[in-house]
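This report describes the model shown below, from its domain division to its ligand shell, helix packing and local backbone geometry.

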Amino acid sequence: MVTAVPCGVDVDSPVPVDLAIIGGGVAGLSLARAAAMQGARVVLLEQSEDAAVGWRGGGASSLPVALLNPWRGRKGDAHEDDLRGLAVTWRWAAELEGEGLEPGAVRTGVLRIPSSARQAASWRERCEAEASLIWLPAGSVPAPYHAPFGAMQAEDGGRIDAAAWLTALAASAARHGAQLRQGVEVQAVEHGVEGAWRVRGEDGGMLVEAWRVVSAVGADAPPRVQGGGEPAPWPTWIRTQGEEVRITGVPTLPWPIAGGLYGASVQEGEAWIGGGHRPLGEDDPSAATNLRDAFAWSYPPVAEGTILEVWHGARAKREGARPDVREVAPGLWTFGAFAGRGFLCAADEAERFARRVKPMQ
Ligand SMILES: Cc1cc2nc3c(=O)[nH]c(=O)nc-3n(C[C@H](O)[C@H](O)[C@H](O)COP(=O)(O)OP(=O)(O)OC[C@H]3O[C@@H](n4cnc5c(N)ncnc54)[C@H](O)[C@@H]3O)c2cc1C
C-alpha cells in the first residue's frame, strides 16, 4: 500500500523539479514511474485520497477490471501502437513482480465473438495471418459462451485488477524516487522564472515549481493557466461515460470477452461486465440492466445473475482515438485521451515520453 512515500525530491527546494504531473490515474502514475526510472526528479499531485485501499485515483482508472486487448472495433484489427502497448504492459507486469509487487495483471487470453457470418469470415482470415490469434470455429467454443459464428482468441490478451496495478505503479514510482502526493488538488499553473512553471493549489499556494508540467487529468477539466493573457492551450476532447457491473450467480468466464461490451471473472461465480458510450452528463437509470441484457447474447447465464454493484466512469478521447501526448506551450504538456485504452497504452506512451524528459541538472 502506498500513502506517504519516501522521496528523492525536496518540494520545498527553490530548485524546480524536472517534472510535475497533475493526476494520478494510470496515465500519471505510469509517467511518474517511467520518468523517475530515467533519473528525472518527479512530483505527482492527485486530488483524491484513498490511503486505506492503496491507490485508486479518482477518475476512470478507478474502474474495477480493465481488459488488455489490442484487437479492437468491428474489424477486429490492431493498431501497431496498441500491439507495442500490450508488449510493454506485460513487460512492466513482469518488472513489477520482480520488484516484489502484485500488479494484478493476468494473461488469460481474451475472446472476441463476431455477431455475423461476414464478420466471422474476415476475423478468421486475420487469425490465419497473425501468430498470436487463434480461430475457434462455431461449435468448438465451449458452453456457456454463445458464439454461433465462431470466435477469435487473442492469446496475448488479459485482464488487470486496476487497483492492484495502480498501487504497484505508485509503489514502484516511489521506490525510483518520485514523490507522490494524494489529497492535493491543483487549481492553476503559471509561468515562473527562466521558463519554469509554478503549480498552485486550492488556496493559491505554490505546491511545486517544475521545468515541465504534465496534465494527466483524464476526463476532468485541466488546470487553469494563469498570467500571460494567452488563451488556455489545452486540447478539447470528447468525453463519454460508461459502467462496469458486478454480477453474481454466474459461471466463471474462463476467458474474458473483449469488445464494445466486455466481461471478465475475477472471483468464482461472478462476472464484471462493462461498456457504455453515452455523452458525459447523460444519465440512464437502466444502463446496468441494459448492459447485462446485451452481454447475455454472448454469455447467456448473466441474464439470470444478480447485479451487486455498479461503477460509473468517464473517459476522454480525441478524433481517431489515439492518445494525445504533446507540448501545448513551452514546458506544458498534455498526456491523456487514452479513451478505452489507458491500461493498454499508458506504459508505452510513458516510456516514450520519459525518454524525452532528460533531467535538467
Ligand atoms: C466504462 C469504461 C471501461 C473501460 N475499460 C477499459 C479497458 O477494459 N481497458 C483499458 O485499457 N481501458 C479501459 N477504459 C479506459 C481507461 O479507464 C482510461 O483510459 C484510463 O483510466 C484513463 O487514465 P487517465 O490517467 O488518463 O485518467 P484518470 O484515470 O481519469 O485519472 C485522472 C486523475 O487526475 C486526477 N485529477 C483531476 N483533476 C485534478 C487536479 N486538478 N488536481 C489533481 N488531480 C486531479 C483525478 O482525480 C484522477 O485520479 C475504460 C474506461 C471506462 C469509462
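## Domain organisation and ligand shell

In this predicted model, the protein chain is divided into two parts: domain 1 covers 17-62 + 164-236 + 320-356, and domain 2 covers 108-157 + 238-317. Their C-alpha centres are separated by 31 Å. To the contact between them, domain 1 contributes 9 residues and domain 2 contributes 7 residues. The side of domain 1 that touches domain 2 comprises 5 nonpolar and 4 polar residues, with no charged residues.

Secondary structure amounts to 6 helices and 19 strands. Along the principal axes, the C-alpha atoms of the protein chain occupy a box of roughly 65 × 40 × 40 Å. The radius of gyration of the protein chain is 21 Å, which agrees with a compact globule, because a globule of 361 residues would have a value near 21 Å.

The ligand is surrounded by 43 residues, of which Gly23, Gly25, Gly59, Gly218 and Gly342 come nearest. Helix H1 (26-37), helix H6 (342-356) and the strands S2 (42-46), S3 (65-68), S14 (238-248), S16 (270-279) and S17 (306-317) each give two or more residues to this shell. Domain 1 and domain 2 each supply at least three residues to the shell around the ligand.

The class composition of two of these residue sets is given below.

| Residue set | Nonpolar | Polar | Charged |
|---|---|---|---|
| Shell around the ligand | 18 residues | 18 residues | 7 residues |
| Contact of H1 with H6 | 11 residues | 2 residues | 2 residues |

## Packing of H1 and H6

The helices H1 and H6 pack at an angle of about 35 degrees, and their axes are 8 Å apart. Their crossing is right-handed. On the H1 side, the contact is formed by Val26, Ala27, Ser30, Leu31, Arg33, Ala34 and Ala35. These meet Gly342, Phe343, Ala346, Ala347, Ala350, Glu351, Phe353 and Ala354 in H6. Gly342 is also among the residues that come nearest to the ligand.

## Local backbone geometry

Most residues other than glycine have a negative phi, and most peptide bonds are trans. Two sites in loops are described here against that background. The peptide bond from Ala143 to Pro144 is cis, its omega being near 10 degrees. Pro144 is located in the loop between strand S6 (133-136) and strand S7 (151-154). Glu194, although not a glycine, has a positive phi of about 55 degrees. The loop holding Glu194 runs between strand S10 (186-191) and strand S11 (197-201).

How values were computed:
Residues are numbered from 1 along each chain as its sequence is written. This is a predicted model: local features need pLDDT of at least 70, side-chain atom pairs count only at pLDDT 80 or more; totals for chains, interfaces and linings use all residues. Domain bounds come from an automatic or database domain assignment. Two residues are in contact if their C-beta atoms, placed from the backbone, lie within 7 Å. Ala, Val, Leu, Ile, Met, Phe, Trp, Tyr, Cys and Pro count as nonpolar, Asp, Glu, Lys and Arg as charged, and the others, Gly among them, as polar. A residue is near a molecule or strand if its C-beta atom, placed from the backbone, lies within 6 Å of it. Helices (H or I, at least four residues) and strands (E, at least two) are DSSP runs, numbered from the N terminus. Axes are lines fitted to C-alpha atoms, for helices over the stretch in contact, and angles run from 0 to 180 degrees between N-to-C directions. A crossing is left-handed if the near helix is turned anticlockwise from the far one by less than a right angle, and right-handed if clockwise. The radius of gyration is taken over C-alpha atoms; the globule rule is 2.2 Å times the number of residues to the power 0.38.
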